[in-house]
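Got the viewer open? Let's take a walk through this one together, picking out a few residues at each stop.

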Amino acid sequence: GYKYYWIPYLWAKGYDKTHELGFDVAWQQPNYFFKKCNLAPTNRMDYVCRHAKNKKMGLMVELNNDIEHVFFQMRCMEYLDAFKKNGVLDKATMTYYQDYDTFFRMSTSTNGTVRGLYDRLCDIVDARQKKADAIFRKNKSYTND
């Protein structure tokens, strides 16, 4: 009765065959934020969003403490903008990756851009949770069993 989960990195062997390989649920890592991806084309996020939709996968928001640098602030904005533009925020499941204290650092940052990104992430999580709660309440049936 267990579920089989996978969060493959982009272009991992089998990343395009998650359900065929027997995984019940999968989230695609865009591998766009991190230093190793500085040369990643900006259209990567659109590709990843299309791929995840076509393969019935969720998506991962990836952050680390580099968020304190302007380049990575732009990367974070590109994640969130692409997720909004491609309907991910409304229709896909999402996971979040951070260094051990990235969200805390963002929440206490005196940098207006970093704090704004934190607030934007919180607004996304809050809106998605409210939507999930409403669906749950609508579908919940009460019995006297």
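Start by selecting Asp 16 and Lys 17. Their side chains come together in a salt bridge, at 3.6 Å from N to O. Bear in mind as you look that this is a predicted model. Turn on the surface and check how open each partner is: Asp 16 is partly exposed, at 27% relative accessibility, and Lys 17 is partly exposed too, at 42%.

How many salt bridges does a search of the whole structure find? The count is seven. Let's visit some more of them.

Select Arg 120 and Asp 81 next. This salt bridge has an N to O distance of 2.7 Å. Zoom out a little and you'll see that the pair ties together distant parts of the chain: Arg 120 belongs to helix 5 (residues 112–139) and Asp 81 to helix 2, with their positions 39 residues apart. Arg 120 is partly exposed, with a relative accessible area of 26%, and Asp 81 is partly exposed at 42%.

Stay on helix 5 and pick Arg 115 and Asp 119. Here the closest N and O atoms of the salt bridge are 3.0 Å apart. Both residues sit in helix 5, four residues apart, which is about one turn of the helix. On the surface, Arg 115 comes out as partly exposed with a relative accessible area of 32%, and Asp 119 as partly exposed at 31%.

One more stop for charges: select Glu 68, Asp 101 and Arg 105 together. These three are linked in a network of salt bridges. As a bit of background, side chains of opposite charge can pair when their charged atoms come close.

Now switch to the cartoon view and look for the sheet. Four strands make up an open sheet, ordered 1-2-3-4, with parallel pairing. At its edges are strand 1 (5–6) and strand 4 (94–97), each of which pairs on one side only. Select strand 1 along with strand 2 (residues 25–28): the two pair in the parallel sense over two bridges. Which residue in strand 2 is the bridge partner of Tyr 5? Click on Val 25 and you've found it.

Next, add the helices around the sheet. Helix 1 (residues 44–54) packs on the sheet and touches strand 2 and strand 3 (58–62). The direction of helix 1 makes about 145° with that of strand 3. Then highlight helix 2 (residues 70–85), which lies across strand 3 and strand 4 and runs at about 160° to strand 3.

Last stop: the cysteines. How many disulfides does the structure hold? Zero. To see why, select Cys 49 and look for its closest cysteine sulfur: that one is in Cys 76, and at 14 Å it is too far for a bond. Now move to Cys 76, whose closest cysteine sulfur is in Cys 122, 11 Å away and again too far for a bond. A disulfide would need the two sulfur atoms within 2.5 Å. While you're here, bring the surface back. Are these cysteines buried or exposed? Cys 49 is buried, with a relative accessible area of 4%, and Cys 76 counts as buried at 1% relative accessibility.

Technical notes
Residues are numbered from 1 along each chain as its sequence is written. This is a predicted model: local features need pLDDT of at least 70, side-chain atom pairs count only at pLDDT 80 or more; totals for chains, interfaces and linings use all residues. Side-chain values use heavy atoms; hydrogens and water are left out. Two strands pair if DSSP finds at least two bridges between them. Contact means heavy atoms within 4.5 Å. Axes are lines fitted to C-alpha atoms, for helices over the stretch in contact, and angles run from 0 to 180 degrees between N-to-C directions. Buried means under 20% relative accessible area, exposed over 50%, partly exposed in between (1.4 Å probe, protein chains only). A salt bridge is a side-chain nitrogen of Lys or Arg within 4 Å of a carboxyl oxygen of Asp or Glu.
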